[in-house]
Amino acid sequence: MARGYRNYRGRASKGKIALAVLLVFIILAALSALAMQRYIAYDENGTPFFRLSERQTDPAPPAEEAPPVQGPDSSDSLEIIVQEPEEPEVPPVFQIYSLTTAPLTPASWEAARAEMGDAFGGVTVTLKDARGTVYFASQTAAEKAVKTVQGTTEALRTITGDEDLYAIARLSCLPDAFAPYMNNNPMGLKKKSGQMFRSGGTTWLDPGKPASRAYLCGLVREIAELGFDEILLTDTGYPIQGELDTINYGSDPIEGSLSLLWQDLLQTLEPYGVKLSIELPESVISDGQEAASGLVLARAVSCADRIYAVTEPGQAGILSNLVLQAESVTENRVQEFLPELTAPDAGWNGPFLLLPAAEELKKR
């Protein structure tokens with residue numbers, strides 16, 4: 001082992017130890033001075049002094065004052081208002097206005113629209129009457145049957161183009177003074193002798209013949225293309241007046257022939273989305289059927305979207321119930337019953353069709 005190595009490792013200089021202690025004190029003093037800086041403040045003469053930091057606290061919110069209690073006899077007592085529930089708004093009864101039977105013009109429609117006002121949501125226009133006259137520019141009807149004037153098509157387009165108006169075309173089906181003579185008489189209702197049968201002063205279409213059904217389907221197709229929302233069929237039964245025992249009804253039951261007609265018309269209108277309605281005599285609804293005409297209520301409700309009947313307000317509710325009863329026993333399409341009234345009345349508060357004046361009814 002080299003000399004002097006052991007003595008060197010075990011010895012420490014006293015001067016160095018004193019210097020180290022001094023440095024520690026200097027560092028601690030510096031740190032203390034820095035820490036104390038936040039507590040040193042100076043007075044107005046620049047003399048330093050110590051100031052302990054004050055504890056900051058948020059002031060407590062002022063206590064809310066309770067509202068004074070009002071006595072029962074106080075003039076400032078609160079008034080309690082009970083709001084009554086609002087009564088639901090009752091929609092107006094849907095009314096349909098019936099135009100008189102005549103060629104329509106823009107001027108006549110404008111006058112009728114002014115007379116209707118806001119009370120009527122729908123209108124019926126007769127496009128084929130009980131004599132067979134056709135009141136629009138039809139390519140299907142016999143030329144002699146068409147009766148129009150300048151502006152008729154324009155007026156009809158105005159009606160069907162009104163989105164706020166429900167447009168119904170009235171079509172008389174079987175009485176017809178013109179169509180039975182078209183194309184060598186394949187459509188007319190005939191006697192057993194082969195002659196044309198007449199009732200009410202006019203000839204009739206035979207619904208049992210395909211040509212008759214095709215003719216009426218052609219008319220309703222043209223009407224649908226005009227833009228009407230609904231077609232109301234009237235005079236859909238066989239004649240009930242005249243020498244009925246002379247009629248050649250063919251081999252099929254007459255009620256079946258009427259059903260064939262209605263079904264063909266339904267099929268024709270299906271692509272257009274136009275409703276098909278049937279007007280029935282009041283007696284057919286009351287009794288359920290009429291043997292002479294072949295009209296059967298149960299068959300009608302299976303083919304029509306609506307059933308109409310000329311009646312009195314007091315009878316409308318009874319007829320409506322009978323139509324609903326007929327619906328319950330058959331596959332049906334009927335959505336509602338609408339009475340045709342000559343004047344509004346408190347006896348019926350549902351939708352209705354307002355007929356023209358009595359003198360106009362006679363012209364139908």
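Visitor: How much area does the chain expose, and what share of it do carbon and sulfur atoms supply?
Guide: Keep in mind that this is a predicted model. The chain exposes about 22,500 Å². The share supplied by carbon and sulfur atoms is 52%.

Visitor: What percentage of the residues in the chain is buried?
Guide: Buried here means under 20% relative accessible area. The chain has 364 residues, and the buried part of them comes to 38%.

Visitor: How many helices and strands does the chain have?
Guide: Let's take the helices to start with, and there are 10 of them. Add the strands to the picture, and their number is 14.

Visitor: What share of the contacts with a separation of 6 or more comes from residues 24 or more positions apart?
Guide: A contact needs heavy atoms within 4.5 Å. Take the contacts in the chain with a separation of 6 or more, and ask for partners 24 or more positions apart: they account for 72%.

Visitor: Which residues lie nearest the centre of the largest pocket?
Guide: That pocket holds about 450 Å³ of space. Its lining is made of 18 residues, with 8 nonpolar, 7 polar and 3 charged by class. Nearest the centre you'll find P175, W204, D235, Y238 and I240.

Visitor: How many disulfides does a search of the whole structure find, and why is C217 not in one?
Guide: A disulfide needs two cysteine sulfur atoms within 2.5 Å. For C217, the closest cysteine sulfur belongs to C173 and sits 9.9 Å away, so that is too far for a bond. The search of the whole structure comes back with a disulfide count of 0.

Visitor: Are C217 and C303 buried or exposed?
Guide: The cut-off for buried is under 20% relative accessible area. C217 has 8%, so it passes. C303 has 3%, so the word for this residue too is buried.

Visitor: Where is S138, and which residues does it touch beyond four places in sequence?
Guide: S138 sits in the loop between β4 (122–128) and α4 (152–160). Its relative accessible area is 9%, so S138 counts as buried. Setting aside residues up to four places away in sequence, S138 touches V146, L219 and E222.

Visitor: How far apart in space are S138 and I223?
Guide: Along the sequence, 85 residues separate S138 and I223. In space, C-alpha to C-alpha, the separation is 8.7 Å.

Visitor: Which residues is Y215 in contact with, leaving aside its neighbours within four places in sequence?
Guide: Y215 is part of helix α5 (residues 210–226). With 5% relative accessibility, Y215 is under the 20% limit, so it is buried. Leaving aside neighbours within four places in sequence, its contacts are K128, T140, A141, A142, D176, A179, M182, M187 and L205.

Visitor: What separates the C-alpha atoms of Y215 and T140?
Guide: T140 is one of the residues in contact with Y215. The two are 75 residues apart along the chain. Their C-alpha separation is 7.0 Å.

Visitor: Is A112 buried or exposed, and which residues does it touch?
Guide: A112 belongs to helix α3 (residues 106–116). At 9% relative accessibility, A112 is under the 20% limit, so buried is the right word. Not counting residues up to four places away in sequence, A112 touches Y97 and L99.

Visitor: What about R113: where is it found, and which residues does it touch?
Guide: R113 is found in helix α3. Its relative accessible area is 26%, so R113 counts as partly exposed. Not counting residues up to four places away in sequence, R113 touches D162 and L165.

Visitor: What is phi of N183, and why look at its sign?
Guide: Most residues other than glycine have a negative phi, so a positive one catches the eye. N183 lies in the loop between β5 (166–172) and β6 (198–199), and its 60% relative accessible area makes it exposed. Its phi is positive, near 55°.

Visitor: What is phi of N185?
Guide: N185 also lies in the loop between β5 and β6. This residue is partly exposed, with a relative accessible area of 29%. Its phi is positive in a residue other than glycine, near 60°.

Key:
Residues numbered from 1 in each chain as written. Predicted model: local features only at pLDDT ≥ 70, side-chain atom pairs only at ≥ 80, totals over all residues. Heavy atoms only, no water. 1 Å grid on protein atoms, 1.4 Å probe; cavity = no way out; pocket = protein on both sides within 12 Å on 5 of 7 lines; lining within 4 Å. Points joined across faces, edges and corners; volume = space filled by probe spheres on them. Nonpolar A, V, L, I, M, F, W, Y, C, P; charged D, E, K, R; others polar. Helix = DSSP H or I, 4+ residues; strand = E, 2+ residues; numbered from the N terminus. Buried < 20%, exposed > 50% of the residue type's maximum accessible area, 1.4 Å probe, protein only. Areas by Shrake-Rupley, 256 points an atom, 1.4 Å probe, with all protein chains shown as cover.
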